[in-house]
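Hi there,

Here is the structure I promised to pass on. Have a look at it first, and then read my notes below.

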There are 2 protein chains.
Amino acid sequence: MEQAIHPNISVDCVIFGYDFEKLNVLLVERTLLDESSGKVVFSDLTLAGNHVFVNEDLKDAAHRILFDLTGIKDLYLEQLGAFGDPERLSGHNDQLWLNYLGYKPEDRVITVGFYALLNCEQVKIVLKDRTVKWYPLTEIGQLAYDHNRILEAALHDLRIKIRTAHLAFELLPEKFTLSQLQKLMEVVLGKTLDKRNFRKRLLKLKSLVQLDEKQKGVAHKPGYLYAFSKEKYDLYDDQDTFSVIM
Amino acid sequence: MEQAIHPNISVDCVIFGYDFEKLNVLLVERTLLDESSGKVVFSDLTLAGNHVFVNEDLKDAAHRILFDLTGIKDLYLEQLGAFGDPERLSGHNDQLWLNYLGYKPEDRVITVGFYALLNCEQVKIVLKDRTVKWYPLTEIGQLAYDHNRILEAALHDLRIKIRTAHLAFELLPEKFTLSQLQKLMEVVLGKTLDKRNFRKRLLKLKSLVQLDEKQKGVAHKPGYLYAFSKEKYDLYDDQDTFSVIM
DNA sequence: GCAAAAGTGTTTCCGGTACACCCATGG
DNA sequence: CCATGGGTGTACCGGAAACACTTTTGC
């Protein structure tokens, strides 16, 4: 019975993936076929989500969903809060879909939103399922259920927290150049930053360590690689933040 | 059936009340009496909370709980997130209490935390129930369930948000002096602030308007009263924040 | 040798901070 | 007339912002 699913509580994950160019979100295709004709009734996209197990912690459920979909453990996860509008599943397509899956469409389900951060190149997702794909953030249209609301909340939170915390490093590979870090900030915050000022500020951070290693295979002067040191971050604690990387 | 309670989803509210001296939290006494002897089995404190109705929005549930307990509508409410540790109700006293109330103690309940802000003098709470009282934040010990965790999260969030948003005004009456506002900030942030610098910054805020009215009945030079203008705040939007009232 | 990004210092300006005295009221 | 908090201005300092040229690599 440990694995019995809870009918009223689900978890939805906004999975952000950075590819050195733009922010992407991993979405799942939801296509309903007419049983007799085999024609497509509708086809749209959802966040990665599922019901929790009866005795499962919410964060564990989120990790499980991420693992099932992507084969990755230990991603950075942040809780966004609960989404409990009684009408959140009452869209026409949503009702058809829930019925198709064998849920009672009239059941109340509250969902807990999370977001995960990863780097698309480093964390190669094994897409077990052809219906799961990366979508550039800027090209995401209407999603199923209340998932646009959850996505919006995730993005809002990410934009605030990336200024002052170590979230940025979760979106980069272990080793990265300062320019890559700067580009990431520019993409997330939606504005360009001055290179020299950016570097001045960043080089003050004790938790950012320069490696004895340079970029390779680039058609220009190779940059030094850097890494984030969680140990030093914990050590220097609150002094050592991005504070005002506007 | 509209009023049927949902067995698995509850809402808990951290109700902060400011009394011009300190921050208080409204707590509910929970006393279990032995049925035969009438002796006290245990007695402790909980946040204001209850299960949600089957078709009730989470925020509506929080407002209802606040209203039932205090007779107040339209308090400022902020969601903190969901608390879903499977063990959150498994304390010894918690199990006794749930059993006494007629719940199945083994049922999984996830709770959504909120916090509310009010001014103790202005918003005179009609304490319908003698077991509900204000407790100074600094004197709160161990609470029932996982309520210390929820309180901690609420306080953390309040301390962050009060620096940059209009939360402070929710803890004051409609008209207040700058000194009262400063005192509030000092209490919440836990540090003293320089009077002149504080006023310089505050007087820049377009959403803070001086009234043609002074303090009365004080044994010193009376101060001007001020009010927060939601309209101007919305108008000037993001420029007009407390930004760095450290 | 050319394209492309890496890397580097200085000046300016604004905002934060520190700090001390006179004023109006109630008792 | 005294106690109490209200109200005000200035000088200094540090950090943010603006800004342009040289270097190293792959092709």
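Below is what I found, starting with the two protein copies and moving on to the DNA.

Please keep in mind that this is a predicted model.

**The two copies.** Chain A can be laid on chain B by a turn of 180° with a shift of 0.0 Å along the axis, and the RMSD is then 0.1 Å. The two copies are therefore related as by a two-fold rotation axis. In chain A, Gly81(A) has the C-alpha nearest that axis, 1.8 Å away from it. As for how the copies meet, 100% of the interface residues of chain A are also interface residues in chain B, so they meet through the same surface.

**Around DNA strand D.** There are 22 residues around this strand, and those that come nearest are Ser179(B), Lys195(B), Arg199(B), Lys200(B) and His220(B). Of the atoms of DNA strand D that come within 4 Å of the protein, sugar and phosphate make up 38%. By class, the surface near the strand has 11 charged, six nonpolar and five polar residues.

Helix 6 (195-204) of chain A and helix 6 (195-204) of chain B each supply at least two residues of that surface. Helix 6 of chain A gives the most, with five residues.

**Polar atoms at the bases of strand D.** Three pairs may interest you:
- Asp194(A) has a polar side-chain atom 3.4 Å from a base nitrogen of DNA strand D.
- Arg196(A) has a polar side-chain atom 3.2 Å from a base nitrogen of DNA strand D.
- Lys221(A) places a backbone N or O atom 2.8 Å from a base oxygen of DNA strand D.

Happy to talk it through whenever suits you.

Best wishes

Terms used:
Residues numbered from 1 in each chain as written. Chains lettered and ligands numbered in written order. Predicted model: local features only at pLDDT ≥ 70, side-chain atom pairs only at ≥ 80, totals over all residues. Heavy atoms only, no water. Least-squares fit on C-alpha atoms with pLDDT ≥ 70 in both. Contact = heavy atoms within 4.5 Å. Near = heavy atom within 4 Å. Polar contact = N/O pair within 3.5 Å; in protein donor to acceptor, adjacent residues only side chain to side chain. Helix = DSSP H or I, 4+ residues; strand = E, 2+ residues; numbered from the N terminus. Nonpolar A, V, L, I, M, F, W, Y, C, P; charged D, E, K, R; others polar.
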